[in-house]
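Please open the model in your viewer and keep the selection panel at hand. The tour moves from a sheet to the helices that pack on it.

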Amino acid sequence: MEIVLATRNKKKVEEIRRITAGLPITVRSLDDFPGCPETVEDRDTFALEVGRFTGKPALSDDSGLEVDALHGAPGVHSAYFAPDATSGNDPRNYHKLLHDLERAPDGKRTARFVCCIALAFPDGRVETFFGRAEGRIGREPRGQKGFGYDPVFLPEGFDRTFAEMTAEEKDALSHRGKALGLLARYLRGLPA
Ligand code: IMP
């Protein structure tokens, strides 16, 4: 089965391709479908539009970081948390986060990444899969790997950030890895 990734975030595309590598699917990117609509109201709507345009199932990833001491922020604003951020990968986002948490003691820095994967079929059917990764926000950025807030996020039970982990380590613990694990189970139940 061919699935089109309904996202322009290259880092997400990289992770989704990596995590779904063993599945009986061929992952296509939006670049393979010139003229595809770009409107993003919410991710399910975008996936539906892409599904209808391409005639193939479309997969979207809606994700973000929730910090308890900030009452769930940055949440849906994760990609542009800093007012001058130019993308979800802009280090200004995590610098703002570290600044906002300056006074939060170690025990009050709990946070989680959440991910909702939506698989939209050309007939309008949508299946959703959720994953979360619990952890805490560090005091300074560490590591070069991953993207977004990875240098400041330490998954529960680890003293290393996602940005200090190998891709395989992050995938085994991450919100995206878990949501795509559920998608994999769903796809295995479908005729190939
Ligand atoms: P959106 O789903 O396009 O709104 O963007 C979500 C934003 O959350 C990304 O641009 C990143 O800033 C952040 N984010 C989501 N998943 C991850 C991750 O796995 N690591 C680090 N940051 C992430």
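What follows is a walk through a predicted model, taken one selection after another.

Begin by selecting the six strands of the open sheet, which are arranged in the order β2-β1-β3-β4-β5-β6 with mixed pairing. At the edges you will find β2 (26-29) and β6 (153-155), and because each has a single partner strand, one side of each is left without a neighbour in the sheet. If you then look along the sheet, the twist from one strand to the next averages 35°.

Next, select residues 2-5 and 58-67, that is, strands β1 and β3, which run parallel and are joined by two bridges. Within this pair, Val4 can be picked out opposite Ala58 of β3.

Now add residues 10-19, helix α1, which packs on the sheet and touches β1, β2 and β3, while its direction makes about 110° with that of β3. Then add residues 175-188, helix α5, which lies across β1, β3, β4 (110-120) and β5 (126-137) and runs at about 155° to β5.

Finally, keep only the two helices on display: how do α1 and α5 pack against each other? Their axes are 10 Å apart and the angle between them is about 45°, which means that α1 is oblique to α5. The crossing of α1 past α5 is right-handed. To see the contact itself, show the side chains of Lys12, Glu15, Ile16 and Ile19 from α1 together with Arg176 and Leu180 from α5, and mark Gly177 of α5, which also takes part. Coloured by class, this contact comprises three nonpolar, one polar and three charged residues.

How values were computed:
Residues numbered from 1 in each chain as written. Predicted model: local features only at pLDDT ≥ 70, side-chain atom pairs only at ≥ 80, totals over all residues. Heavy atoms only, no water. Pairing = 2+ DSSP bridges. Helix = DSSP H or I, 4+ residues; strand = E, 2+ residues; numbered from the N terminus. Axes fitted to C-alpha atoms, helices over the stretch in contact; angles between N-to-C directions. Contact = heavy atoms within 4.5 Å. Parallel < 35°, antiparallel > 145°, perpendicular 65-115°, else oblique. Left-handed = near helix turned anticlockwise from the far one by under 90°. Nonpolar A, V, L, I, M, F, W, Y, C, P; charged D, E, K, R; others polar.
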